[in-house]
Structures are given as C-alpha cells and as structure tokens.
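Here are my notes on this one, written as numbered points. Keep the structure open beside you and look up each spot as you read.

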Amino acid sequence: MRNLKLLMLLFVLSLISCSTDSDTSEEISKTEMKLNPRFVNLENTVKTIKIPENSSLKTTLDKEEIHVRVFSAEYITNGEDGKMGNTVFFNNGGNKKLAGDFLPFEFLDESPNISYFVDQTRPSKDLGIEVTTVAIDRAMETWDGITCSDLGIFQYVPETTTSTGYIVKLVYDLGLMATDLGGSYEYFGDVVHSGWLPAEFFDVPEIFGPEGGSDSVLGVTFTIQFTDEFGNAVDLDNNGKYDVAWREIYYNDAFTWNDGSTYDVETIALHEAGHGLSQAHFGKAFLSGGNGRLHFSPRAVMNAAYSGIQTEINKTDEAGHCSNWASWPER
Ligand SMILES: [Ca+2]
Ligand SMILES: [Ca+2]
Ligand SMILES: [Ca+2]
Ligand SMILES: [Zn+2]
C-alpha cells in the first residue's frame with residue numbers, strides 16, 4: 001500500500017515535470033520533418049546522344065550513339081516556411097528508391113576521373129559569370145581535396161559549343177515549360193553546372209510538385225542515366241546500381257545570389273556537386289518555434305535545406321563521400 005502511494009506520488013511528479021518541460025523546453029516543441037520521395041511518370045524522356053571520340057564506351061560498345069533518360073531530381077530549399085528539399089524519381093510506374101552510380105571503367109569523357117563543366121551562357125542576374133564560375137570551381141576543388149578519395153576532378157572540354165542542358169531542353173520539348181531556354185541532348189562532362197534559370201522552370205509541377213518551387217528551391221541536381229534503345233535502365237558493371245551518364249545542376253535565379261553571403265553560390269554549388277558525386281540528402285530536419293525555419297542535426301553540406309554558409313565538408317558529409325569513393329575506380 002505504501003509502495004502504491006509512493007508510485008502514485010512519483011507518477012504525479014513526473015506529470016508535473018513533463019508539463020513544465022513542454023512549456024519551457026524547445027526540445028519538446030521541435031517537430032521532426034520527414035518527407036517521402038516523390039515518384040513521377042514522364043513519358044518520352046529517352047534521348048539519343050553522340051558518344052564523344054575519346055569515350056571508352058565508343059570502343060566497348062562499338063557504337064556512335066547511346067541512349068539516356070532522366071532518372072531523378074534532388075533539390076534543396078532555402079529552409080523557410082517549413083519547406084524541405086526532396087528527391088523525385090522519374091520511375092514511370094515504379095515506386096522504389098533506387099540508386100545510381102557512375103561506371104568506373106566505362107565513361108563518356110576520357111577517363112574514370114570525374115570531369116565537370118560550368119555553362120557560361122546562363123549567368124545569374126546578381127553576379128558576373130566569372131564570379132559564380134570561380135565559386136563553383138572552389139566547390140569542386142573542395143570535394144576533390146578530400147584525402148580518402150582520388151577523383152582527379154578536371155574541367156571537361158566539350159566537343160560542341162551549344163548551351164548545356166538535357167533537362168532544360170526536355171521540359172521545353174515535352175511542353176512542360178513555355179519558354180525555350182536552350183540546352184541540348186549532348187554530353188558536357190560528368191558533373192555539369194548548367195547555370196541559372198528563371199522562376200518558370202522551378203514551377204514546373206511535374207518536377208517540383210503542385211505548389212511549385214520558385215519561392216523555395218535554391219538549386220537542383222538531375223541524374224541522367226544510361227538506358228537501352230527502349231529506355232530500360234542498364235547496369236553494365238553489374239554492381240546493382242543503375243549507370244549514371246552524367247549529372248546536371250541548375251540554380252534558381254528568382255533568389256538573390258551572393259559571393260560570401262546569403263544566398264552563397266559556393267555553399268549551394270558544394271551541396272549540388274555532392275549530389276553530382278552520388279551523395280544523397282543527410283541529417284534530420286526540425287521545425288522549431290513559430291518562424292517556419294528548418295534546423296538540422298547534424299548540420300551538414302548535404303542537409304536538404306540551406307542554413308547559412310557552409311564551404312567546408314562536414315564529418316558526416318566526408319563519411320558519405322568516402323563510403324562511395326574511397327576505392328574508386330576499383331570497386
Ligand atoms: Ca569521367
Ligand atoms: Ca582527393
Ligand atoms: Ca552499375
Ligand atoms: Zn540537395
């Protein structure tokens with residue numbers, strides 16, 4: 001009986017302490033934000049691209065051309081209004097989270113080293129193309145500088161001089177966007193920074209959802225994968241991952257961009273280049289207080305929303321990078 005009384009007392013005390021906690025502690029009022037990836041059907045995305053002269057695929061396949069299609073999109077938000085970045089899979093009927101990765105011994109450029117290209121035809125409204133290009137170069141060098149991997153990141157010299165962008169051409173050709181923003185179904189490097197696009201692109205509902213993303217999405221990386229002539233995904237190296245042809249990055253010109261302050265080009269370029277190097281979003285997102293701002297635990301370059309300048313690789317970012325690239329190109 002005495003034990004029961006003691007138990008009751010403890011129970012009441014614990015109730016009191018709980019209610020006190022929820023009034024004063026931010027920990028309790030934090031809400032974890034979780035988003036499931038979206039799965040989208042897009043018809044007629046298979047395109048034939050010319051295999052560049054120096055590509056090992058040209059000799060292996062003994063072909064002039066190869067087929068590609070869009071595999072996924074990963075976008076980062078500005079972290080306001082509780083809106084978080086997400087991943088979209090263009091699976092056409094499937095609803096499985098799939099993984100894609102570069103081929104270690106077959107490639108469209110001249111080596112297993114990672115090539116990149118910065119489009120000079122789509123500058124931001126806020127900064128000169130030379131300023132944003134140097135910021136993107138710094139971001140690429142930061143990933144290259146990680147010592148667990150030897151990516152040998154280099155600047156690709158494309159065979160054609162048209163503007164880059166399978167995606168930007170595709171959305172126009174499919175009638176998903178009214179304005180022709182150029183682009184071409186050609187290879188411009190493993191990781192292509194395709195430049196700044198207007199709000200119209202970031203409001204294409206097939207990619208960014210029914211609400212559109214022009215007021216929340218800062219940048220997006222698309223994965224373009226190899227397919228057979230019928231558009232079926234291929235896994236030429238049999239590693240259980242679909243083969244990535246290249247990745248394509250776009251920045252939202254509806255935001256104001258800066259070099260060294262918010263919204264910082266190098267920070268977003270570092271994040272997008274992380275996707276370019278096969279890394280997914282990482283870190284738990286919390287909504288705290290009433291201001292709709294997202295906070296992350298741990299804070300990392302690969303968080304799904306912007307939370308201020310990050311131009312150095314966080315420990316968890318590095319762990320993710322190394323698990324994927326430490327033994328590249330041997331697997
Ligand atoms: Ca390469
Ligand atoms: Ca390195
Ligand atoms: Ca594969
Ligand atoms: Zn992202």
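1. Start with the overall inventory: nine helices and 13 strands make up the named elements of the protein. Helices (H or I, at least four residues) and strands (E, at least two) are DSSP runs, numbered from the N terminus. The model is a predicted one, so local features need pLDDT of at least 70 and side-chain atom pairs count only at pLDDT 80 or more, while totals for chains, interfaces and linings use all residues. As for bookkeeping, residues are numbered from 1 along each chain as its sequence is written, chains are lettered from A and ligands numbered from 1 in the order in which they are written, and side-chain values use heavy atoms, with hydrogens and water left out.

2. Next, how much is hidden? Of the 331 residues in the protein, 50% are buried. Buried means under 20% relative accessible area, exposed means over 50%, and partly exposed is in between (1.4 Å probe, protein chains only). The protein exposes about 15300 Å², and carbon and sulfur atoms supply 52% of that area. Those areas come from the Shrake-Rupley method with a 1.4 Å probe; for residues, only the protein chains shown count as cover.

3. Now the contacts. Among the contacts in the protein with a separation of 6 or more, 71% are between residues 24 or more positions apart. Contact here means heavy atoms within 4.5 Å.

4. Which protein donors does the zinc ion (ligand 4) have? They are His271 (NE2), His275 (NE2) and His281 (NE2), lying 2.0 Å from the zinc. A donor is an N, O or S atom within 2.8 Å of the metal (3.2 Å for Na, K and Ca), and water is not among the atoms, so sites may look incomplete. Along the sequence, these zinc donors are spaced H-x3-H-x5-H. Histidine 275 is buried, at 0% relative accessibility, whereas histidine 281 counts as partly exposed at 21%.

5. Move on to the calcium ion (ligand 3). Its protein donors are Asp235 (OD), Asp237 (OD), Asn239 (OD1), Lys241 (O) and Asp243 (OD), lying 2.2 to 2.4 Å from the ion. Read along the chain, their spacing is D-x1-D-x1-N-x1-K-x1-D. Aspartate 235 has 23% relative accessibility and counts as partly exposed, but aspartate 243 is buried at 0%.

6. Compare that with the calcium ion (ligand 1). Its list of protein donors has Asp109 (OD) twice, plus Ser111 (O), Asn113 (O) and Asp190 (OD), at 2.4 to 2.5 Å. The spacing along the chain is D-x1-S-x1-N-x76-D. Aspartate 109 is buried at 0% relative accessibility, while asparagine 113 is partly exposed at 31%.

7. How many salt bridges are there? The count comes to ten, taking a salt bridge as a side-chain nitrogen of Lys or Arg within 4 Å of a carboxyl oxygen of Asp or Glu. Glu53, Lys58 and Glu64 are joined in a network of them.

8. Try finding the pair of arginine 293 and glutamate 80, whose closest N and O atoms are 2.4 Å apart. Arginine 293 sits in the loop between strand E12 (284-287) and strand E13 (294-297), glutamate 80 in the loop between strand E4 (65-77) and strand E5 (86-89), and the two are 213 residues apart. Arginine 293 is partly exposed at 21%, and glutamate 80 is partly exposed at 25%.

9. Helices get linked too. Arginine 138 and glutamate 266 form a salt bridge at 2.6 Å, N to O. This pair links helix H4 (residues 129-144), home of arginine 138, with helix H8 (residues 265-276), home of glutamate 266, 128 residues apart. Arginine 138 is partly exposed at 30% relative accessibility, but glutamate 266 is buried at 10%.

10. Last, a sheet to trace by eye. Three strands form an open sheet in the order E1-E12-E13, with antiparallel pairing. Strand E1 (31-33) and E13 are the edges, each with a single partner strand, so one side of each has no neighbour in the sheet. Two strands pair if DSSP finds at least two bridges between them, and E12 and E13 pair over four bridges. For one of them, look at alanine 285, whose bridge partner in E13 is phenylalanine 296.
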